[in-house]
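Let's take a walk through a protein model together. Have the viewer open and follow along as we go from one spot to the next.

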Amino acid sequence: MQAVKNYIEINKQRFLDELIEVLRIPSVSANPAHKADMLRTAQFVAEAFLKAGVDHYEVIPTAGHPVVYAEKMIDPKYPTILVYGHYDVQPPDPLDLWNSPPFEPVIKKTDIHPDGAIFARGSCDDKGQVWMHVKAFEAMTQTNSLPCNVKFMIEGEEEVGSPNLAEFCKNNKERLKADVILISDTSIISNDTPSIDVGLRGLSYIEVEVTGANRDLHSGVYGGAVANPINVLCEMIASLKDSNKHITIPGFYDDVQNLSDEERSALANAPFDLEAYKKDLNIADIEGEQGYSTIERTGIRPTLDCNGIWGGYIGEGAKTVLPSKASAKISMRLVPNQSSEKITELFQKHFESIAPKSVTVKVKPHHGGEPVVVPTNSIEYQAAAMAMKKTFGKDPVPTRGGGSIPIVALFEQILGLKSVLMGFGLDSDALHSPNEHYGLFNFYKGIETIPYYFSYYADLKSNQ
Ligand code: BES
Ligand code: MN
Ligand code: MN
């Protein structure tokens with residue numbers, strides 16, 4: 001491992017310079033205007049794999065954005081690690097809230113990142129974390145210390161729900177054969193408290209539209225006598241939670257897996273500083289489902305949130321109007337045992353049933369995804385725990401991530417493979433938000449830790 005370490009040390013600056021280059025390409029998967037940038041990013045990543053030492057790489061078209069595939073097979077007798085990540089990023093909007101342009105990376109120190117952090121869209125989620133894998137792989141190959149076969153599948157549609165990846169996996173089962181999937185697209189508790197996500201939430205994402213009168217109306221002439229779809233929509237959304245912040249959709253909690261007292265107290269052992277949490281977000285208080293801690297509210301409990309709402313007049317000045325329509329995007333985060341399809345149906349039925357006769361509603365399901373749990377007693381997980389212990393000097397805490405990576409459940413279904421979520425970001429790195437950043441400490445820690453994962457995994461597997 002000394003040779004790998006030396007290689008990393010000597011090439012540190014170049015690794016960062018290359019990351020900066022890939023962060024400059026605006027690979028926004030949601031926006032069709034960036035189609036060419038997506039292809040450019042895919043090619044950039046593929047060529048980086050080639051320079052790093054893969055035997056084979058391809059940019060494979062899909063019905064949407066291409067998948068970057070690369071591999072280095074050293075010996076079929078050795079285990080194979082399949083690394084998954086995504087090169088697409090969330091839209092950078094709202095642009096005016098960025099302190100520096102989202103695709104012009106800059107390095108700045110922050111309270112949490114005294115060694116500096118790189119500010120750019122995708123720096124943490126997930127280009128920065130993908131880059132750790134490219135560079136860790138380079139360090140292992142260039143020093144002849146790669147202990148396993150490795151395959152890379154870096155997709156361009158994670159941030160839009162991976163609509164074409166399941167199909168890709170079905171069509172490429174042979175090519176994707178491996179022993180484990182390794183993913184760095186999650187967070188650790190803090191830079192001195194390493195952790196590994198052993199769960200991800202599922203998702204049901206829905207768009208609703210409420211229509212009142214057949215046209216916009218003068219709000220003086222009709223106001224008070226005809227339903228205002230914005231008011232109605234707000235009342236309907238507000239009614240989806242009761243005063244204990246419990247979701248009111250009938251049957252919503254039926255399948256929720258409740259944790260035992262021991263499991264709950266194990267979760268409660270993870271360090272959490274409520275004051276620091278509030279300070280970071282500049283909020284005077286938190287809110288959430290009664291009877292559960294903050295860690296539980298994001299880790300083991302489902303939730304429902306409105307992600308966007310629009311209707312009526314939002315231009316300069318005032319316009320007195322009763323709009324004909326109002327809409328909202330609503331998402332529910334799901335926990336083990338809940339099914340995205342079933343929850344979407346329950347939502348639809350309930351939402352239609354609570355609509356007053358004065359309006360009509362349309363419910364349109366978007367993407368979904370199933371929750372995930374990762375067993376901690378597997379060698380796949382153990383190798384990650386050992387690797388983090390080695391580089392952080394502390395045992396990592398198993399945690400439940402609140403976010404979703406919908407393809408992970410499908411990997412298990414389609415490829416029969418378990419995933420390990422060895423991420424290095426921080427929840428406070430402003431993912432999906434203006435001023436997203438990634439700590440240099442985290443970037444280099446990832447590059448240092450990944451080779452240990454490979455080596456421990458190869459050892460554990462050969463002793464199995
Ligand atoms: N990397 C995140 C998911 C994540 C972040 C998990 C932090 C755990 C901790 C991923 O890119 C993401 O944003 N997923 C989306 C899924 C959606 C677009 C289908 C999410 O969670 O909203
Ligand atoms: Mn991600
Ligand atoms: Mn994301």
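Before we start, one term: a donor is an N, O or S atom within 2.8 Å of the metal, and since water is not among the atoms, a site may look incomplete. Keep in mind, too, that this is a predicted model.

With that word in hand, find the manganese ion called ligand 3. Its donors along the chain follow the spacing D-x33-E-x272-H. Put names to those letters and you get D125 (OD), E159 (OE), E159 (OE) again and H432 (NE2), at 2.1 to 2.5 Å from the ion. E159 sits in the loop between β6 (149-155) and α4 (165-171), while H432 belongs to the loop between β19 and β20, so this pair links distant parts of the chain, 273 residues apart. Are these two side by side in the core, buried or partly exposed? E159 is buried, with a relative accessible area of 14%. H432, at 41% relative accessibility, counts as partly exposed. What about the geometry? The six donor atoms around the manganese ion (ligand 3) subtend angles of 56 to 156 degrees, and that is why the arrangement is irregular. For comparison, the ideal angles at a metal with six octahedral donors are 90 or 180 degrees.

Now look for the other manganese ion, ligand 2. How far apart are the manganese ion (ligand 2) and the manganese ion (ligand 3), and which residue coordinates both? They are 3.6 Å apart, and the shared residue is D125. The protein donors of ligand 2 are H86 (NE2), D125 (OD) and D185, which gives two OD atoms, and they lie 2.0 to 2.4 Å from the ion. Written as a pattern along the chain, the spacing of these donors is H-x38-D-x59-D. H86 lies in strand β3 (residues 80-86) and D125 in the loop between β5 (117-119) and α3 (127-142), so the pair ties together parts that are 39 residues apart in sequence. H86 is buried, with a relative accessible area of 0%, and D125 is buried as well, at 9%. The six donor atoms around ligand 2 subtend angles of 57 to 165 degrees, which makes this arrangement irregular too.

Next comes ligand 1. It is surrounded by 18 residues, and the closest are E158, D185, R333, S404 and H432. You have met two of those names already: D185 is a donor to ligand 2, and H432 is a donor to ligand 3. Zoom in on the polar atoms. A polar side-chain atom of D185 lies 2.8 Å from a nitrogen atom of ligand 1. For H432, a polar side-chain atom lies 2.8 Å from an oxygen atom of the ligand. E159 joins in as well, with a side-chain N or O atom 3.2 Å from an oxygen atom of ligand 1. How much of the ligand's accessible area does the protein cover? On its own, ligand 1 has 530 Å² of accessible area, and the protein covers 91% of that.

Let's turn to the backbone. Most residues other than glycine have a negative phi, and most peptide bonds are trans. This model has some exceptions to show you. The peptide bond from D125 to D126 is cis, with omega near 5 degrees. D125 is the residue that coordinates both manganese ions, and D126 is found in the loop between β5 and α3. Another cis peptide bond joins D93 and P94, where omega is about -5 degrees. You'll find P94 in the loop between β3 and β4 (106-108).

There are positive phi values to spot as well. K245 is not a glycine, yet its phi is about 60 degrees. It lies in the loop between α5 (229-238) and α6 (261-268), and K245 counts as partly exposed, at 28% relative accessibility. A430 is also a residue other than glycine with a positive phi, near 60 degrees. A430 is found in the loop between β19 (425-426) and β20 (437-439), the loop that holds H432. Buried or exposed? With a relative accessible area of 18%, A430 is buried, because the cut-off for buried is under 20%.

For the last stop, go to helix α9 (residues 340-353), where H350 is found. H350 is buried, with a relative accessible area of 12%. Which residues does H350 touch, not counting those up to four places away in sequence? They are L240, T248, I249 and P250. Compare that with K390: it is 40 residues from H350 along the chain, and the C-alpha atoms of the two are separated by 50 Å.

Note on methods: Residues are numbered from 1 along each chain as its sequence is written. Chains are lettered from A and ligands numbered from 1 in the order in which they are written. This is a predicted model: local features need pLDDT of at least 70, side-chain atom pairs count only at pLDDT 80 or more; totals for chains, interfaces and linings use all residues. Side-chain values use heavy atoms; hydrogens and water are left out. Donors are N, O and S atoms within 2.8 Å of the metal (3.2 Å for Na, K and Ca); water is not among the atoms, so sites may look incomplete. Four donors count as tetrahedral if all angles lie between 85 and 135 degrees; four count as square planar and six as octahedral if opposite donors are over 155 degrees apart and all others between 65 and 115; anything else is irregular. Helices (H or I, at least four residues) and strands (E, at least two) are DSSP runs, numbered from the N terminus. Buried means under 20% relative accessible area, exposed over 50%, partly exposed in between (1.4 Å probe, protein chains only). Contact means heavy atoms within 4.5 Å. A residue is near a molecule or strand if one of its heavy atoms lies within 4 Å of it. A polar contact is a pair of N or O atoms within 3.5 Å; within protein, one must be able to donate a hydrogen and the other to accept it, and residues adjacent in sequence count only if both atoms are side-chain atoms. Accessible areas come from the Shrake-Rupley method with a 1.4 Å probe; for residues, only the protein chains shown count as cover.
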